[in-house]
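Welcome to this tour! Open your viewer, get your selection tool ready, and follow along one stop at a time.

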Amino acid sequence: MALLALRLGHHHLLHAPPAHRRLRSCSQRLVVSCSAAQVSGGAAAAVVWFKHDLRVDDHPGLVAACAERRRPVVPLYVFDRRILAGYSDTMLELLLFALKDLKSTLKLQQSDLLIALGNAEDVVLKLANEVQAGIIYTEEEVEHSVRSVLANVESSVSNGLFTWVNPPEIEVWSAPLYGYKSLRELPASRDQFLKEKLPMPTPLSFPTFPALNVGLDTGSLPTLEELKIFLKESRMPQDDWVPTKSTSARSILKATLRQRKIKSNVELSVSDGENIEDITTNAGASGRRIKDSFFASENSLEVRGGTDITLDALDAYLKYLEGTGKASWQELHDKVRFAETRDGASFYTLFGPAIQLGVISRRRVYHETIQYERDRNAGFLSPFGYSTPTVTSAVDAICSLEVLLT
């Protein structure tokens, strides 16, 4: 498989090559031309570097970037091995679904999403030089490995050589569920936190984008197989990780029994008699492909796609107790019953990957969920709890995630 690389200026990002060709060495994957791309209107461009925020809805970075109407806005996504090192094949597939939708959405706004493979610090630095960027917007991170990547980008940009006077600023944004500016402002105890009754900001609408006229080819997305090959060939010794499933107590027991050639009459299974490891093979599958399905396959439990699909799936989830004639909603309801292995488990099983990829913001999920609850109760929220189990599951999951991610 041939090189997928960022070529700026008058050159192009190479399109997806045949799968039988090999990727070249890691040091050759990023190629930038010497000629600079000229931005329209002479204004310094704003680069919006996407990582785990693959949406245009409720995106403070995009809103800030588009605030100056004459400023070119250059959206960018980098397939960086350090950011994707822990992704399963399922997550990689969902990532590609989300990027495809984001790219299509931006095209509808006369913009586009630049696609690059390589180390983020190299890509961002060279792109900033090519488009003469004055500012780079990116989401704040909490995971150590991704924070390290962000730190490398900041160092690369601050120490880089630019054709104009000053290097671009890096503006880090966040979209917290509660209205605080800094974690230092939060009370130390939960009781004090509840007493303060912090406001909950309304999700932001997506902005009007300026046309992307910076003289560069934005490129195409790799296939799943190409992406897997890229990640495999660019792995470093420090990237080694082992899936949790392969180290579970059950997996270790089975491997030990096989090694010792011991036959066991004990069947390790779930309550309905299905094998634990094979439990997803019939995950709400109906035996037929549903038109406009929210899922990548019959056996998938994770909602796939972009923001609009995820919002529609959330609507179906919240209205689980209501009847529906939509086949896609009926399919989701079947999967809710399958995924509810304990009270509240179904929400994160279905929507966890979408939230992790930033296809939909936590604020948007909370806002839509509470609005549905108000609509069911004539505009009020009951002090005695929520009216449906799916509303309870969604609110509890989002509030728990807010605690984990702050």
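Select F347 to begin: is F347 buried or exposed? F347 has 1% relative accessibility, so it counts as buried. Here buried means under 20% relative accessible area, exposed means over 50%, and partly exposed lies in between, using a 1.4 Å probe and protein chains only.

Before moving on, a note on what is on your screen: this is a predicted model, in which local features need pLDDT of at least 70 and side-chain atom pairs count only at pLDDT 80 or more, while totals for chains, interfaces and linings use all residues. Residues are numbered from 1 along each chain as its sequence is written, and side-chain values use heavy atoms, with hydrogens and water left out.

**Stop 1: aromatic rings**

Keep F347 and add F351, which is also buried, at 2% relative accessibility. F347 and F351 are four residues apart in helix α11, so about one helical turn separates them. Helices (H or I, at least four residues) and strands (E, at least two) are DSSP runs, numbered from the N terminus.

Rings of Phe, Tyr and Trp (its six-membered ring) pair if their centres lie within 6.5 Å; planes under 30 degrees apart count as stacked, over 60 as edge-to-face and the rest as tilted. By this rule there are four aromatic pairs. F347 and F351 make a stacked one, with 5.1 Å from centre to centre and 25° between the planes. Now add Y317 to your selection: Y317, F347 and F351 form one aromatic cluster.

**Stop 2: charges over rings**

Show W49 and K51. K51 lies over the face of W49, 4.6 Å from the ring centre. A charge sits over a ring if NZ of Lys or CZ of Arg is within 6 Å of the ring centre and within 35 degrees of the ring normal. Next, select R304, whose charged end sits over the ring of F97, 5.4 Å from its centre.

**Stop 3: a cavity**

Stay with R304, because it also helps to line the second largest cavity, together with L94, A98, V303, G305, P353, A354, L357 and V359. A cavity is a set of points on a 1 Å grid over the protein atoms alone where a 1.4 Å probe fits but cannot get out, and lining residues have an atom within 4 Å of a point. How much space lies in the second largest cavity? About 40 Å³, a volume being the space filled by probe spheres set on the points. Both α3 (89-108) and α11 (345-356) supply at least two residues of this lining.

**Stop 4: positive phi**

Most residues other than glycine have a negative phi. Select Q110, where phi is positive, near 65°. Q110 is in the loop between α3 and β3 (114-117), and it is exposed, with a relative accessible area of 59%. Then jump to A378, which has a positive phi of about 55° although it is not a glycine. Look for A378 in the loop between α12 (362-376) and α13 (389-404); it counts as exposed at 67% relative accessibility.

**Stop 5: a covered helix**

Finish with helix α4 (residues 120-131). Its twelve residues reach 16 Å from the first C-alpha to the last, close to the 16 Å expected at 1.5 Å a residue; the expected span is 1.5 Å times one less than the number of residues. Ten of the twelve residues of α4 are buried, including A120, L125 and V131.

Note on methods
1 Å grid on protein atoms, 1.4 Å probe; cavity = no way out; pocket = protein on both sides within 12 Å on 5 of 7 lines; lining within 4 Å.
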